[in-house]
Amino acid sequence: MNILRRLLSILAPPETPYAGMIVAAEAIRCVQCGICGYSCPMNIDVRFYARQGLLVTDTRCILCGNCVEKCPRGTLFFIPRPEGAAARPMPSPDRAVLYL
Ligand code: SF4
Ligand code: SF4
């Protein structure tokens, strides 16, 4: 089922209101339940990013918003994605930040 969802997402990506955004995480809120990753149609290990407070920079992300909606802890949120921004572990565990 996950493979089918992934194929459909690639062939006919859903329109998203989050164009130009990126998923960010407030690491301190993450309880590592994994619901975000289970909800991702692209099979991205969102928890990996969330627990470190990293931006979800996986190029497969189609900005569907499932992970943000499903997270029971409100860990994930969208922020504007600057051109050329790279993510790295944040210096404090409370908020993801962008470094140019
Ligand atoms: S669903 Fe939320 S709390 Fe659970 S692993 Fe993902 S980011 Fe963390
Ligand atoms: S926004 Fe959608 S595609 Fe991107 S990581 Fe979250 S669930 Fe996966």
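This passage describes the fold, confidence, nonpolar core, ligand surroundings and selected loop residues of a predicted model.

The chain contains four helices and two strands. Read from the N terminus, these elements follow the order α-β-α-α-α-β. The chain has 100 residues, of which 26% count as buried. Among contacts with a separation of 6 or more, 71% join residues 24 or more positions apart.

Confidence varies along the chain. The mean pLDDT is 82, and 71% of the residues reach 70 or more. Among the elements, helix α1, covering residues 2-11, has the lowest mean pLDDT, at 66, whereas α4 has the highest, at 98. Over residues 88-97 the pLDDT stays under 50, although the model has 21 contacts beyond four places in sequence for this stretch. Where pLDDT is low, predicted coordinates should not be read in detail.

The largest nonpolar core comprises 20 residues. Within this core, V23, V46, A50, C67 and L76 have the most contacts. At least two core residues come from each of β1 (21-25), α3 (46-52) and α4 (66-70). In soluble globular proteins, nonpolar side chains tend to be buried together. The contacts of L76 illustrate the arrangement of the core. Leaving aside residues up to four places away in sequence, L76 touches V23, A25, C36, A50, C67, V68 and C71. Three of the residues with the most contacts inside the core, V23, A50 and C67, are thus among the partners of L76.

Two ligands were examined in turn. Ligand 1 is surrounded by 14 residues, and those that come nearest are C30, C33, C36, A50 and C71. Helices α2 (35-39) and α3 each supply at least two residues of this shell. The most is given by α3, with three residues. By residue class, the shell around ligand 1 divides into nine nonpolar, three polar and two charged residues. C36, A50 and C71, listed among the nearest residues to ligand 1, also appear among the residues touched by L76.

Around ligand 2 there are 15 residues, with C40, C61, C64, N66 and C67 coming nearest. The shell of ligand 2 consists of twelve nonpolar and three polar residues, with no charged ones. C67, one of the nearest residues to ligand 2, is also one of the residues with the most contacts inside the largest nonpolar core.

Some loop residues were considered individually. Q32 is found in the loop between β1 and α2. The phi angle of Q32 is near 60 degrees, a positive value in a residue other than glycine. Q32 has 12 other C-beta atoms within 10 Å and is therefore exposed. In the loop between α2 and α3 lies N43, whose phi is likewise positive and near 60 degrees, again in a residue other than glycine. N43 counts as partly exposed because it has 15 C-beta neighbours inside 10 Å.

A further loop, between α3 and α4, contains L54. This residue has 18 C-beta neighbours inside 10 Å and so counts as partly exposed; 20 or more would be needed for a residue to be buried. The C-alpha atoms of L54 and A27 are separated by 8.1 Å, while the two residues are 27 residues apart along the chain.

Key: Residues numbered from 1 in each chain as written. Chains lettered and ligands numbered in written order. Predicted model: local features only at pLDDT ≥ 70, side-chain atom pairs only at ≥ 80, totals over all residues. Near = placed C-beta within 6 Å. Nonpolar A, V, L, I, M, F, W, Y, C, P; charged D, E, K, R; others polar. Core = buried A, V, L, I, M, F, W, Y, C linked by C-beta atoms within 7 Å. Contact = placed C-beta atoms within 7 Å. pLDDT = per-residue confidence, 0-100.
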